[in-house]
Amino acid sequence: MSYARVVALTSLAMIAFAGNSLLCRIALKHTSIDPASFTTIRLVSGAAVLWLAAQTRRQADSGTGNWLSASALVAYAAGFSFAYTSLPVATGALLLFGAVQVTMIGCGIWAGERLRGLQLVGLLVALGGLIGLLLPGLSAPPLAGSALMLGAGIAWGVYSLRGKGAGDPTRVTAGNFLRAAPIAAALSLFMVKGTSLDSAGIGYAVASGALASGIGYAIWYTALPGLKATSAATVQLSVPVIAAVGGIVFLGESMTLRLLLTSAAILGGIALVIIEKQQAAGTR
């Protein structure tokens with residue numbers, strides 16, 4: 001695969017992932033769709049597209065997913081949707097990304113991984129940024145929404161960890177989405193009294209599932225073999241930034257000094273951990 005194609009595919013994937021935050025926030029703010037229905041439609045649409053993508057692949061590796069990973073996927077998607085009833089796009093994307101990375105780093109430490117000096121500094125800076133973002137104040141995000149998004153990030157971190165070495169990533173992701181869809185549907189039935197649908201909201205949910213999730217993951221997994229490990233990890237730092245720009249352009253959201261400083265701390269700290277980890281691995 002040529003370098004230009006890798007760059008193009010990676011860029012499209014990052015835009016798609018950031019688009020999930022934007023599509024969800026627009027739907028829940030400007031249409032009447034409820035969060036549970038948005039989650040279900042998103043997962044069903046994503047499952048359909050990923051299943052089709054998996055059928056076109058001729059990989060030696062197999063992979064079908066499993067119910068535990070599917071449950072973690074639903075926990076992420078539901079927390080994500082309910083959080084965006086109150087959180088701005090940029091804040092939600094930043095909290096999600098920070099929680100995912102801290103969860104994965106924390107699991108590595110729990111498993112016996114040792115952080116070098118600069119990695120420890122990066123982790124402390126990132127945690128400080130998260131705490132600074134959540135501290136009470138005029139520009140502090142809503143507590144309930146923040147807690148839901150942090151929970152969604154933890155669930156996605158667990159989902160990502162469970163997916164390592166599970167087989168062909170497209171097939172595994174398709175299998176997990178297919179299993180997640182009925183779980184999400186059960187959630188919608190449980191909350192049927194709060195169900196509210198309209199054509200615009202359904203359209204945003206389908207776009208989130210089919211385009212931003214389904215096609216986004218298919219593109220990402222196509223580009224991934226052409227990326228070095230460090231590049232694959234650090235390029236994802238762009239997702240909260242792209243989401244923030246989208247929130248400003250399409251929703252008229254503002255970038256506060258607090259959000260700007262905490263974003264720099266969270267993303268910079270995580271970047272330091274990732275880069276130092278890869279450099280340490282390269283010297284062994």
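The axes used on this tour are lines fitted to C-alpha atoms, for helices over the stretch in contact, and their angles run from 0 to 180 degrees between N-to-C directions. The structure in the viewer is a predicted model, and colouring by confidence is a sensible start: pLDDT averages 89 over the protein, with 93% of the residues scoring at least 70. Among the elements, helix H3 has the highest mean pLDDT, 97, whereas helix H9, residues 229-234, has the lowest, 68.

Next, select residues 67-83, which form H3, together with residues 169-190, which form H7; the two axes come within 8 Å and cross at roughly 55 degrees. Since an angle of that kind falls outside the parallel, antiparallel and perpendicular ranges, H3 and H7 are therefore oblique to each other, and H3 passes H7 in a right-handed crossing.

Now show the side chains where these helices meet. On the H3 side, display Trp67, Ser69, Ala70, Ser71, Leu73, Val74 and Ala78, and opposite them, in H7, Asn176, Phe177, Arg179, Ala180, Pro182, Ile183, Ala184 and Leu187. Coloured by class, the residues of this contact divide into 11 nonpolar, 3 polar and 1 charged.

Finally, move to helix H10, residues 238-251, and select Leu251. Is Leu251 buried or exposed? Its relative accessible area is 14%, and because the cut-off for burial is under 20%, Leu251 counts as buried. Leaving aside neighbours within four places in sequence, Leu251 is in contact with Leu22, Arg25, Ile26, His30, Val89 and Gly246. For one of these partners, Arg25, draw a distance between C-alpha atoms: Arg25 and Leu251 lie 226 residues apart along the chain, yet their C-alpha atoms are separated by 9.0 Å.

Definitions and conventions. Residues numbered from 1 in each chain as written. Predicted model: local features only at pLDDT ≥ 70, side-chain atom pairs only at ≥ 80, totals over all residues. Heavy atoms only, no water. Helix = DSSP H or I, 4+ residues; strand = E, 2+ residues; numbered from the N terminus. Parallel < 35°, antiparallel > 145°, perpendicular 65-115°, else oblique. Left-handed = near helix turned anticlockwise from the far one by under 90°. Contact = heavy atoms within 4.5 Å. Nonpolar A, V, L, I, M, F, W, Y, C, P; charged D, E, K, R; others polar. pLDDT = per-residue confidence, 0-100. Buried < 20%, exposed > 50% of the residue type's maximum accessible area, 1.4 Å probe, protein only.
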